[in-house]
Amino acid sequence: MVTKNQDQLLVDKQKNKAKPPSLFNVILLNDDYTPMEFVIQVLQKFFSLDMETATRIMLKVHTEGRGICGTYPRDLAATKVKKVLDFAKQNQHPLQCVMEEIGS
C-alpha cells in the first residue's frame with residue numbers, strides 16, 4: 001500500500017526533473033548574389049564542416065532555397081546566426097541566416 005508521503009515524494013521527483021533545453025536549427029537562406037564559395041567558407045568557418053559536407057549543404061541552399069547548418073541550444077544558435085550575419089556583412093554579401101525551433 002502506498003502512503004501519502006510516498007505519493008508526494010513521487011510527485012516532487014517528477015516536478016524536479018529538468019526539461020531538456022529547446023533545440024534550434026541554424027539555417028542558411030539562398031539569394032542570387034552570394035557566391036557559392038563564400039557559403040562554403042561560412043559553413044567551414046562557423047560550423048566546422050569538412051569540404052564535402054559544406055559543399056553538400058551549399059548545394060541544398062542553392063537548389064532548395066535553404067539548408068540546415070546545425071542544431072544547437074537557443075543561445076549557441078543565436079550566437080552562430082549573429083556571427084554569420086556579421087561576417088557576411090563585413091564581406092558585403094547579402095547572405096541570410098536564421099534559426100528555427102525544432103518542433104515549432
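Are Phe46 and Phe87 buried or exposed? Both Phe46 and Phe87 turn out to be buried, where buried stands for under 20% relative accessible area, exposed for over 50% and partly exposed for values in between (1.4 Å probe, protein chains only). The model is predicted, with local features needing pLDDT of at least 70 and side-chain atom pairs counting only at pLDDT 80 or more, while totals for chains, interfaces and linings use all residues. Residues are numbered from 1 along each chain as its sequence is written, and side-chain values use heavy atoms, leaving out hydrogens and water.

The structure contains three aromatic pairs (rings of Phe, Tyr and Trp, the last by its six-membered ring, with centres within 6.5 Å; planes under 30 degrees apart are stacked, over 60 edge-to-face and the rest tilted). The ring centres of Phe38 and Phe87 are 5.3 Å apart and their planes meet at 10°, so this pair is stacked. It joins distant parts of the chain, with Phe38 in helix H2 (residues 36–47) and Phe87 in helix H4 (residues 74–90), 49 residues apart; helices are DSSP runs of H or I with at least four residues, strands are runs of E with at least two, and both are numbered from the N terminus. Phe38 is buried, as is Phe87. For Phe46 and Phe87, the centres are 5.3 Å apart and the planes at 65°, so the pair is edge-to-face. Here too helix H2, holding Phe46, is linked to helix H4, holding Phe87, across 41 residues. Ring pairs thus join Phe38, Phe46 and Phe87 into a cluster.

Turning to strand E2 (residues 66–73), Gly67 is found there. Gly67 counts as buried because its relative accessibility is 3%.
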